[in-house]
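Work through the exercises below with the sequence and the model open. Try each task before reading its solution.

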Amino acid sequence: MLYRGLIIPIVLLATLCVAIADARAFDNASYPAWSGGWARDRSSKTGNWDPDKPRGLGQQAPLTPEYQALYEASLADQEHGGQGVNPGYTCQPHGMPRIMNGNHPLFFAVTPEATYIMRDIANQFRRIHTDGRDWPASLQHSSNGYSIGKWLDQDGDGRYDTLLVETRGMKNPHSYDSSGIPFHKDNATVVKERIFLDKKDPALMLDEITTIDNALTRPWTVTRSYRHVADPKWVEYFCAEDNHHLVLGKEDYLVSEDGFIMPTRKDQTPPDLRNFEQPRR
């Protein structure tokens, strides 16, 4: 009976050893070592979609007149204490491509079938399929969309060094950054990426991101950069845990620590409480 009791632990141990051996074999294969964390490199310009340009209209987003007007209205609203077109403040997912801003460290897990990108904030997660599949006949739209990638060995050393990615099927509401640069309402956005390590500095990852969207007059390309963090500090973050925003109709208010509804800007219209049950006197 004793020997029978040892059978299951021995089988599990053998299976684990095989899995570890396979993992080691994969680590030494043709794929790049992108382990650890990758944090936004250009911290002096936090929050901007294009880190080489200043915030707001200085981003020079190539928007059509219609969407340029929406963007300017978003900036004006923020200047007066509002949130503009920034869905993130109500804890909605940042979505693609904003998730690649890297305001929280990114974690890459590379396998032959797919590359996974994760970050702690809002538990956002990307799956980039690299198994040679084609686009599905119909896409179920989501915040991060559906991504298909292809590995390249651009220096010919027998090891992949560049990941090309195309993402489709993203849904609104979403914006490029907190300033509220908008996407077209048709949800037909396509995002193309070229992710690779800097040849002169392998601790620097670059992501060349090109967005094709009907709110733009032309494809818009920016380059995000991330600095390698060998021992990242992963911090659990739940946006809704301490979110004091309260949206009533089209107005944003704040709920104070003692439970009162507070304005967010000067001369703000008081909330309409007619649909709330009033205490009887």
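**Exercise 1. Classify Gly169 as buried or exposed, then place it in the fold.**

Step 1. Gly169 has a relative accessible area of 6%, so it counts as buried. Buried means under 20% relative accessible area, exposed over 50%, and partly exposed in between (1.4 Å probe, protein chains only). The model is predicted: local features need pLDDT of at least 70, side-chain atom pairs count only at pLDDT 80 or more, and totals for chains, interfaces and linings use all residues. Residues are numbered from 1 along each chain as its sequence is written, and side-chain values use heavy atoms, with hydrogens and water left out.

Step 2. Gly169 sits in the loop between S6 and S7. Helices (H or I, at least four residues) and strands (E, at least two) are DSSP runs, numbered from the N terminus.

Step 3. List the contacts, meaning heavy atoms within 4.5 Å. With neighbours within four places in sequence set aside, Gly169 touches Leu139, Gln140, His141, Ser142, Gly145 and Thr189.

Step 4. Check a C-alpha distance. Gly169 and Val191 are 22 residues apart along the chain, and their C-alpha atoms are separated by 9.8 Å.

**Exercise 2. Describe the chain as a whole: which elements does it have, and in what order?**

Step 1. Count the elements. The chain has two helices and 12 strands.

Step 2. Read the order from the N terminus: α-β-α-β-β-β-β-β-β-β-β-β-β-β.

Step 3. Turn to burial and contacts. Of the 281 residues in the chain, 36% are buried. Among contacts with a separation of 6 or more, 53% join residues 24 or more positions apart.

**Exercise 3. Work out how S9 is paired.**

Step 1. Apply the criterion: two strands pair if DSSP finds at least two bridges between them.

Step 2. Take S1 (residues 37–40). This strand runs antiparallel to S9 (residues 220–229), with four bridges. Ala39 stands opposite Arg227 in S9.

Step 3. Take S8 (residues 204–212). S8 and S9 are also antiparallel, over eight bridges. Here Thr211 faces Trp220 in S9.

Step 4. Look again at Arg227. This residue is linked with Asp41 and Asp201 in a network of salt bridges. A salt bridge is a side-chain nitrogen of Lys or Arg within 4 Å of a carboxyl oxygen of Asp or Glu.

**Exercise 4. Test the span of H2, then find its buried face.**

Step 1. Compute the expected span, which is 1.5 Å times one less than the number of residues. For the 15 residues of H2 (residues 65–79) this gives 21 Å, and the end C-alpha atoms are 21 Å apart, so the two agree.

Step 2. Pick out the buried residues of H2: Tyr67, Tyr71, Ser74, Leu75 and Gln78. Seen down the helix axis, they fall within an arc of 95°, so they line one face of H2. The arc is that of the directions from the helix axis to the C-beta atoms. An α-helix has 3.6 residues a turn, so residues three or four places apart point the same way.

Step 3. Turn to the face of H2 away from the buried side. Pro65 and Glu79 are exposed there.

Step 4. Go past the end of the helix. Gly81 follows H2 and has a positive phi, near 95°.

**Exercise 5. Find the unusual backbone geometry in the loops.**

Step 1. Recall the background: most residues other than glycine have a negative phi, and most peptide bonds are trans.

Step 2. Find the cis bonds. One joins Met96 and Pro97, with omega about 0°; Pro97 is in the loop between H2 and S2 (106–110). Another joins Asn172 and Pro173, again with omega about 0°. Pro173 lies in the loop between S6 (162–168) and S7 (190–197).

Step 3. Find the positive phi values. Gln60 has phi near 55° and lies in the loop between S1 and H2. Gln60 is exposed, at 54% relative accessibility. Asn187 has phi near 60° and lies in the loop between S6 and S7. Asn187 is partly exposed, at 24%.

**Exercise 6. Which strands does the salt bridge of Glu193 and Arg126 tie together?**

Step 1. Check the distance: N to O is 2.8 Å.

Step 2. Assign the strands. Glu193 lies in S7 and Arg126 in S4 (residues 125–129), so the pair ties together parts 67 residues apart in sequence.

Step 3. Check burial. Glu193 and Arg126 are both buried.
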